[in-house]
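This report is a short guide for a reader who meets this structure for the first time. Please look through the sequence and the model before reading on.

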Amino acid sequence: MAIDDSSSTTTRLLTLLNVSATKAGKRKRTYEDSKPVEKLNKRRAVQFAAVDGNTEQAASTAEAEVVGEPEPKKVAEVEEEEEELETTADSYETHFGLSPDALTERSREAIDQRAWSTRRDKLGKLGSVVVSVPEGVENSGASSSKHKISDKMKEPLVARQAKLPREVVELQNDFLDTLLSYRDVYVTRTTPDTQPSMREALTLHALNHITKKRRRILKNNERISHAVKAGNPPPEDVQDQGFTRPSVLILLPFRSFALRWISALTAHTPRSHYQIENHARFQSEYDLPPGAIDKLANAEPGAYPRDHVEMFKGNVDDSFRLGVKITKKSVKLFADFYNCDLIVASPLGLRMSIEKDKNADFLSSIEVAIVDQMDALTMQNWEHVQFVFNHLNQMPKDSHDVDFSRIKPWYLDGHAAYLRQTVLLSAYETPETRALFNQSLKNVAGRIRTERRWTPIEVPEGIDQNFVQFDCNNPKDEPDKRFQYFTTQILPAILKSALQSANTVIFVPSSLDFIRVHNHFRKNVGASFAVLSEYSSNQDISRARQAFFTGKKAFLLISERFHFFRRYKIRGIRNLVFYGPPDHPQFYTEFLSYPFLDEGVDASDVTCRVLYSKYDWLRLERIAGTEGASEMIKRGV
């Protein structure tokens, strides 16, 4: 722990208090389910969320109110909520209470030093996992607490599970139980079959978290109200909030996935019990426009790979942000960020909002962060994901009319990041996703990462696959070493061969490497070539494919991002050179099958070279299998 960091946190907090005090006479904000009561601190007792329309107008003539005060309820309703709160508190209260047992100076220091105690285990249908806890710290209270979601909240899920295969039900239940421990979870192998069930479990977990937080606030409001009416001092243990209201963040690549996540969320809030506000607007903005034809969703089975259809069907706009406000009887879509409980957004959409307003205070109190389809996000701009994570749980710049007497102590101490639960979902691992897991997740409750042993991927029989390893002992030098080996060893040998210097595809996984290879061909290689990248227009693509197929262009440079977004079948291939193993293992199989789109091609007519180093382990493992990749790295095959 650095003294400078502590001083910086204290300085920012004092600034917030001063700003809040100067605004004390100007506050006119309210909170849903509220009624006026005596405040703990009249100078700073205010609400953290802005409201809209009639509520704000009515509040303009009323006294500023304490955050989260409930509307008048029948005695039976209050008693029912309190009873349910007491019986379902479990891991939420243990992990996010006033003084979490796991949040110690020792655990924080271990995390800052990246000192983790690790063991391997099995978690039901999640399979083999790596469990890590801060070094020198016992199992956290939350991870060993009783995990429970109220039967009433779980009713819709249980009803749907009755119609599902037992394996799916077991996966959902095992995953949900793991989530309720409030440890970080990194699922490294999702499939189109498992994604819907995991999405359903995660949305129930998010709804459960938001509901427990709201009930705790409402119960404390009742305690304060009763104490004031009885002429007693208000209770002191009512710290139950963060700096701002949003507590759950879901990052997604496209609007189509936001549609699926909101559908999964509202499946837990049936219309017989909840009002879904602005649902028609949501459908119109996040689904395809009326009359639009989704060629992927309506294509013949087998016309496109299934993973491509699942990824790109629907609205694939990658810039969006949506606030969702959840109360006891309603789910309001398009709520203001400072008046919502859950934020669904793309990394790009969130970054644009933050940079436009020069403020990310709505991310200061995120307690559950979920990142879905990380494999797709790596094919976009990964910097946007890093940008968002760098702004999570930071001390806010403005007070946003918050009642500081209701803020949990560990928020004021700047320790929220040590309690935030992060859930990462990906079809496969990449160095970027593993780095995010290792460097940005600081949960004192510990973390879980699933792992699996890969089998060699299936490829057409008879093709000679030549895996070429180059030496490199420093990951920072890896791009230069790879480029040097390719330009001095691989490419000259290809250009000297009459057979391999034509009908040759060079597949480049990294966008930066692709630019470098493209420039090298443009400046130093005399052979004709065409280019297919994610920036190629439809006309450019058509010309490049035709020129390569007819032999007018000897080489075709293809970026992995191009194949991810477009998934075109390329004809005319006889020689394949992988500048590095592709991230997506199926891409390797697909390109090795493309030569056989042409008639009369035999396996002996096709050559394949794969350039790799020991730092390509994650990619190589998915192609050659865990055991095969291990041997190749050790022996330099």
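## A buried serine

Ser 91 has a relative accessible area of 0%, and because buried means under 20% relative accessible area, Ser 91 counts as buried. This serine is found in helix H4, which spans residues 90-96. In sequence, Ser 91 and Ser 181 are 90 residues apart, yet in space their C-alpha atoms are 6.3 Å apart.

## The protein as a whole

The model described here is a predicted one. Its secondary structure comes to 24 helices and 17 strands, and of the 637 residues of the protein, 54% count as buried. Among the contacts with a separation of 6 or more, 78% are accounted for by residues that lie 24 or more positions apart.

## The largest pocket

The largest pocket has a volume of about 1,100 Å³. It is lined by 35 residues, and those closest to its centre are Glu 432, Ser 510, Ser 511, Leu 512 and Arg 619. Sorted by character, the residues of the lining divide into 15 nonpolar, ten polar and ten charged.

Which parts of the chain supply this lining? At least two residues each come from helix H15 (382-390), helix H17 (431-440), helix H18 (478-496) and helix H19 (511-524), and the largest share, six residues, comes from H19. In terms of domains, the lining draws at least three residues from each of domain 1 (146-230 + 241-431) and domain 2 (465-635).

## The two sides of helix H24

Helix H24 runs through residues 626-635, and its buried residues are Thr 626, Ala 629 and Met 632. Seen down the axis of H24, these buried residues fall within an arc of 130 degrees, so they line one face of the helix. As a general point, an α-helix has 3.6 residues a turn, so residues three or four places apart point the same way.

What do the buried residues of H24 pack against? Their partners are two strands, S12 (464-469) and S17 (607-612), together with helix H23 (617-624). On the face of H24 that is turned away from this buried side, the exposed residues are Glu 627, Lys 634 and Arg 635.

Technical notes
Residues numbered from 1 in each chain as written. Predicted model: local features only at pLDDT ≥ 70, side-chain atom pairs only at ≥ 80, totals over all residues. Heavy atoms only, no water. Buried < 20%, exposed > 50% of the residue type's maximum accessible area, 1.4 Å probe, protein only. Helix = DSSP H or I, 4+ residues; strand = E, 2+ residues; numbered from the N terminus. Arc of directions from axis to C-beta. Contact = heavy atoms within 4.5 Å. 1 Å grid on protein atoms, 1.4 Å probe; cavity = no way out; pocket = protein on both sides within 12 Å on 5 of 7 lines; lining within 4 Å. Points joined across faces, edges and corners; volume = space filled by probe spheres on them. Nonpolar A, V, L, I, M, F, W, Y, C, P; charged D, E, K, R; others polar. Domains from an automatic or database assignment.
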